[in-house]
Amino acid sequence: MLTNTQILALLQLPNLGRKSIIAMAEYAKIAQKSIKGVAELHDFIAECKERKLVRGAGQYLGTEVNTAYAFAVKIEEAAESADIQITSYYDKNYPEKLRHLKKDGKNDSPALIFSKGNLKIVDEMPSVAIIGTRTPSIGGSIGSTHIAEEFAKEGFNIVSGLALGCDTAAHQGALNAGGKTTAILAHGLDTVYPPENKALLQKIIDNGGLAISEYPMGVRPQQIYFVERDRLQAGISDATIVVEATSSSGARHAVNTAVNNQKATYYTELSTDFASQEDGCLFAEGPSLLTEDNLRSIITQLKDLFSQQ
């Protein structure tokens with residue numbers, strides 16, 4: 001089986017993504033391979049390429065693998081110093097909700113996750129993702145806060161992306177209610193984006209919440225990472241709520257993931273354009289309209305669903 005350091009090293013190599021690395025790790029597990037040293041790891045990569053377990057991987061030089069491994073060790077040391085936990089897909093405490101994340105029927109889980117705070121809340125509490133635009137109306141801000149407060153009062157972990165606007169309001173709503181909240185970040189946990197929310201993130205962690213990312217320290221935010229982040233918001237949640245968004249909003253990535261994983265999705269009246277977009281059959285099974293009148297009913301339904309899992 002591959003170690004966390006080996007998986008982290010593989011992630012440093014060009015053209016090796018999480019799906020390929022999980023396929024390699026699965027092969028190592030099934031074949032009961034115990035890989036020791038950088039030279040054996042280099043040979044293992046070549047073997048996986050020969051067996052067509054990975055696509056796009058290059059013919060890596062031994063020096064490249066050695067450099068990647070040394071960098072992985074440095075990342076682990078930096079993580080330990082910053083009290084950041086590194087968890088692989090094969091660790092016992094890897095969140096089950098992420099372990100079963102799918103896209104088009106295929107595994108879409110992170111090979112590694114980096115976390116700070118209480119990782120247990122992902123599986124021990126029902127979770128709801130509350131997301132939306134970075135520039136909400138007054139109603140959008142109030143709505144995000146209110147919905148988060150109501151779910152948090154009922155023991156839900158409130159999941160969002162720490163962005164300005166609806167995300168910030170959702171995290172704050174959870175804290176207002178004395179609840180737990182999880183921030184999914186699109187960069188390494190050694191930085192905070194946007195910087196205006198540095199104090200908010202610390203408050204989330206100090207109050208028993210969680211910061212989580214699939215990117216190691218040193219990785220700065222990029223547009224594609226926000227798309228990837230959105231799938232994790234839906235992935236660790238039992239339902240996704242879009243409070244305020246337009247048809248072009250990045251929130252569609254989270255909704256897409258929720259639909260792909262057969263999870264409930266909702267929108268409010270502020271997101272009518274978002275929900276009515278014509279984009280194939282994306283919304284064939286949702287989202288459903290969330291109103292003040294049916295909010296309590298939806299909370300109860302999701303709590304019951306979580307208890308049956």
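## A tour that starts at L162

Select L162 and check its surroundings: this residue is buried, with a relative accessible area of 0%. Keep in mind that you are looking at a predicted model.

**Stop 1: two unusual backbones.** Stay on L162 for a moment. Its phi is positive, about 65°, although L162 is not a glycine. Why is that worth a look? Most residues other than glycine have a negative phi. To get your bearings, find the loop between β6 (157-160) and α8 (166-176), where L162 sits.

Now jump to Q262. Here too phi is positive, about 55°, in a residue that is not a glycine. Is Q262 buried or exposed? Q262 is exposed, with a relative accessible area of 73%. You'll find Q262 in the loop between α11 (251-260) and β10 (264-267).

**Stop 2: a cis peptide bond.** Select Y193 and P194 together and show their backbone. The peptide bond joining them is cis, with omega at about 0°. Most peptide bonds are trans. P194 belongs to the loop between β7 (181-184) and α9 (198-206).

**Stop 3: two helices crossing.** Next, colour α8 and α9. How far apart are their axes? The axes of α8 and α9 are 11 Å apart, and the helices pack at an angle of about 35°. The contact between α8 and α9 involves three nonpolar residues, three polar ones and one charged one. To see who touches whom, show side chains: T168, H171, Q172 and L175 on the α8 side meet L200, K203 and I204 on the α9 side. Turn the view until one helix lies in front of the other, and you can follow the left-handed crossing of α8 past α9.

**Stop 4: helix α1 and its neighbours.** Go back towards the start of the chain and select residues 4-11, which make up helix α1. How many of its eight residues are buried? Seven of the eight are, so this helix is mostly covered. The buried ones are N4, T5, Q6, I7, L8, A9 and L10. What do they pack against? Show α2 (18-30), α3 (37-50) and α4 (62-81), then add the strands β1 (85-88) and β4 (112-117): the buried residues of α1 pack against these elements.

**Stop 5: strands side by side.** Keep β1 and β4 on screen. These two strands run antiparallel and are joined by four bridges. Pick I86 and look across: F114 in β4 stands opposite. Now add β8 (residues 210-213), which pairs with β4, also in the antiparallel sense, over four bridges. Here S115 is the residue to pick, with I212 of β8 standing opposite.

**Stop 6: rings.** Finish with the aromatic side chains, which form six pairs. One of them is Y27 with F44, a stacked pair with 6.0 Å from centre to centre and 10° between the planes. Y27 lies in helix α2 and F44 in helix α3, so the pair ties together parts that are 17 residues apart in sequence. Y27 is buried at 15% relative accessible area, and F44 is also buried, at 2%.

For another arrangement, select Y89 and Y94. The ring centres of Y89 and Y94 are 5.5 Å apart and the planes are at 70°, so this pair counts as edge-to-face. Both Y89 and Y94 are buried. Add Y90 to the selection, and you have one aromatic cluster made of Y89, Y90 and Y94.

Definitions and conventions
Residues numbered from 1 in each chain as written. Predicted model: local features only at pLDDT ≥ 70, side-chain atom pairs only at ≥ 80, totals over all residues. Heavy atoms only, no water. Buried < 20%, exposed > 50% of the residue type's maximum accessible area, 1.4 Å probe, protein only. Contact = heavy atoms within 4.5 Å. Pairing = 2+ DSSP bridges. Axes fitted to C-alpha atoms, helices over the stretch in contact; angles between N-to-C directions. Left-handed = near helix turned anticlockwise from the far one by under 90°. Nonpolar A, V, L, I, M, F, W, Y, C, P; charged D, E, K, R; others polar. Phe/Tyr/Trp six-rings, centres within 6.5 Å; stacked < 30°, edge-to-face > 60°.
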